[in-house]
Amino acid sequence: MSTKQLPSYLHNDSVGPWAVFLEQVDRVVPHLGRLAAWADTLRRPKRCLIVDVPIHMDDGSIHHFEGYRVQHNASRGPGKGGVRYHPEVTLSEVMALAGWMTVKNAALNLPYGGAKGGIRVDPKSLSAGELERLTRRYTSEIGIVIGPDKDIPAPDVNTNDKVMAWMMDTYSMNVGATSTGVVTGKPISMGGSLGRRDATGRGCYVVAREAMKRLGMEFAGARVAIQGFGNVGNAAARVFHEQGAKIVAVQDVAGTIYNPAGIDPFRLTDFLADGRVTLRDFPGAEPIGNEAFWTLDCDVLLPAALENQITTANAGAIRARLVVEGANGPTTPQAEDILLARGTVVLPDVLANAGGVTVSYFEWVQNSSSFFWTENDINGRLDRALSDAFRTIWEVALEKNIPLRTAAFVVACSRVLEARALRGLYP
Ligand code: NAD
């Protein structure tokens with residue numbers, strides 16, 4: 001079936017992330033053989049929940065926010081995916097993010113389907129109390145679909161371990177028993193995993209290292225430009241720096257800084273901890289224009305902010321040999337075509353940022369056995385899981401002569417649809 005025959009809410013925006021996801025599915029279908037018959041499973045989220053989240057504001061008024069939880073697929077296990085707080089979150093964005101989680105979890109062979117959640121809110125405009133009430137009410141509203149065996153949320157843009165602690169507590173209060181495994185990315189003191197905080201950024205390093213080996217690129221001294229200095233970008237910057245690469249540029253929502261001699265991400269983190277300064281004030285680099293970021297002379301470009309950042313408007317100017325997608329959906333399909341035609345290698349999000357969900361899986365396993373592993377053990381297992389997934393996807397790309405993203409989708413979607421076909425349709 002073509003996407004044109006789908007219900008209207010499934011293709012109501014022609015340029016947004018869900019349209020990008022659908023196009024990526026279309027690109028993989030010719031490589032799925034007999035499993036292509038099940039491909040519409042990927043074009044339709046299993047379940048979309050829209051919830052009203054009313055809270056008391058500090059000034060005594062009542063404000064209503066719109067929240068979402070989408071379970072894109074559950075063929076291989078419970079839903080799994082983060083929760084995003086952002087003023088521009090929409091249902092179709094959450095559907096795309098949930099779809100990418102299905103693919104990512106299967107690409108890493110984790111026993112999960114794919115899910116994602118979000119609230120349409122600017123969390124910076126809320127007090128700590130308002131944020132807690134918002135989180136608790138949202139958790140109660142989506143409580144009918146989440147649970148350690150049903151769907152397990154985690155942090156995403158503008159959410160963190162503190163938000164996960166509130167979610168875990170609210171769910172536990174509602175079911176009448178402490179349930180550590182209902183969310184991952186929790187504080188260590190309440191069942192979180194060592195290594196989870198930096199796992200997504202560390203994973204970006206592992207797949208970049210593996211790709212650079214095969215491309216004959218030297219890691220030591222490689223010049224890296226990073227967009228986003230949050231959970232993912234900050235950790236990636238620190239791990240790349242520790243492993244000998246040079247961070248030459250960083251861009252965040254406040255602006256862009258550049259230093260061809262290298263930016264020390266530890267110093268930058270300490271500097272920003274002050275809270276009264278912005279990235280552009282950092283004394284260890286020069287501020288430059290935001291557009292100039294995309295044209296910088298560098299070896300590795302690591303978008304780790306939001307979707308649709310590399311577009312037809314800037315793809316032609318990108319000079320990096322390797323793009324590592326720390327963010328979800330940072331490159332439009334048309335922009336990727338431009339990059340590929342110019343010989344740029346793109347490590348797709350579903351592989352490059354899978355380190356976070358991989359250690360989330362380790363956290364969930366540790367919670368279910370109440371037996372906790374060392375950080376060395378976790379980092380070692382993470383490195384092996386990502387290196388193995390990288391090798392499998394790289395070999396499929398070479399064998400079929402297809403881009404790495406399509407190869408990742410071939411590996412992942414084959415696993416998802418094989419499970420779907422074996423389970424069959426109920427009733
Ligand atoms: P975050 O909120 O911690 O950080 C986001 C960063 O992006 C901030 O530095 C912010 O200033 C910057 N940013 C926001 N808008 C920007 C803009 N218009 N231009 C430039 N910079 C901008 O979020 P995060 O958790 O690091 O997530 C970043 C991306 O990585 C998202 O796409 C997310 O879905 C993805 N991701 C996150 C995880 C995780 O473990 N947190 C895992 C996998 C994928």
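**Entry 1: the seven-stranded sheet**

I began with strand β11 (residues 322–324), which pairs with β12 in the parallel sense over three bridges. I note here that the model is a predicted one. For the register of this pair I looked up leucine 322 and found that leucine 322 stands opposite valine 345 in β12.

I then traced the sheet to which these strands belong. Seven strands form an open sheet, and I recorded their order as β9-β8-β7-β6-β10-β11-β12, with mixed pairing. The strands at its edges are β9 (286–288) and β12 (345–347), each of which pairs on one side only. From one strand to the next I obtained an average twist of 20°.

Next I looked for a helix against this sheet. Helix α7 packs on the sheet and touches β6 (223–227), β7 and β10 (300–303). I noted that the direction of α7 makes about 170° with that of β6.

**Entry 2: the five-stranded sheet**

I turned to an open sheet of five strands, also of mixed pairing, whose order reads β1-β2-β4-β3-β5. Its edge strands are β1 (47–56) and β5 (151–155), and each of these pairs on one side only. Direction ignored, I found neighbouring strands of this sheet turned by 25° against each other on average.

Within this sheet I examined β2 (residues 62–73) and β4 (residues 114–120), which run antiparallel and are joined by seven bridges. I looked up glutamine 71 and found its bridge partner in β4 to be alanine 115.

Two helices were entered for this sheet. Helix α4 (residues 128–142) packs on the sheet with contacts to β1, β2, β3 (79–86) and β4, and its direction makes about 145° with that of β1. Helix α5 (residues 161–175) also packs on the sheet, touching β3 and β5; the direction of α5 makes about 150° with that of β5.

**Entry 3: the ligand**

I counted the surroundings of the ligand last. The ligand is surrounded by 22 residues, the closest being Arg84, Asp156, Thr200, Phe229 and Asn328. Sorted by class, this shell holds eight nonpolar, 10 polar and four charged residues.

I then looked up individual polar contacts. A polar side-chain atom of threonine 200 lies 2.8 Å from an oxygen atom of the ligand. For asparagine 158, a backbone N or O atom lies 3.2 Å from a ligand oxygen atom. For glycine 230, I found a backbone N or O atom at 3.4 Å from an oxygen atom of the ligand.

Taken alone, the ligand exposes 830 Å², of which the protein buries 84%. The elements that I found giving two or more residues to the shell are α6 (196–215), α7 (231–242) and β7 (246–252).

Terms used
Residues are numbered from 1 along each chain as its sequence is written. This is a predicted model: local features need pLDDT of at least 70, side-chain atom pairs count only at pLDDT 80 or more; totals for chains, interfaces and linings use all residues. Side-chain values use heavy atoms; hydrogens and water are left out. A residue is near a molecule or strand if one of its heavy atoms lies within 4 Å of it. A polar contact is a pair of N or O atoms within 3.5 Å; within protein, one must be able to donate a hydrogen and the other to accept it, and residues adjacent in sequence count only if both atoms are side-chain atoms. Accessible areas come from the Shrake-Rupley method with a 1.4 Å probe; for residues, only the protein chains shown count as cover. Helices (H or I, at least four residues) and strands (E, at least two) are DSSP runs, numbered from the N terminus. Ala, Val, Leu, Ile, Met, Phe, Trp, Tyr, Cys and Pro count as nonpolar, Asp, Glu, Lys and Arg as charged, and the others, Gly among them, as polar. Two strands pair if DSSP finds at least two bridges between them. Axes are lines fitted to C-alpha atoms, for helices over the stretch in contact, and angles run from 0 to 180 degrees between N-to-C directions. Contact means heavy atoms within 4.5 Å.
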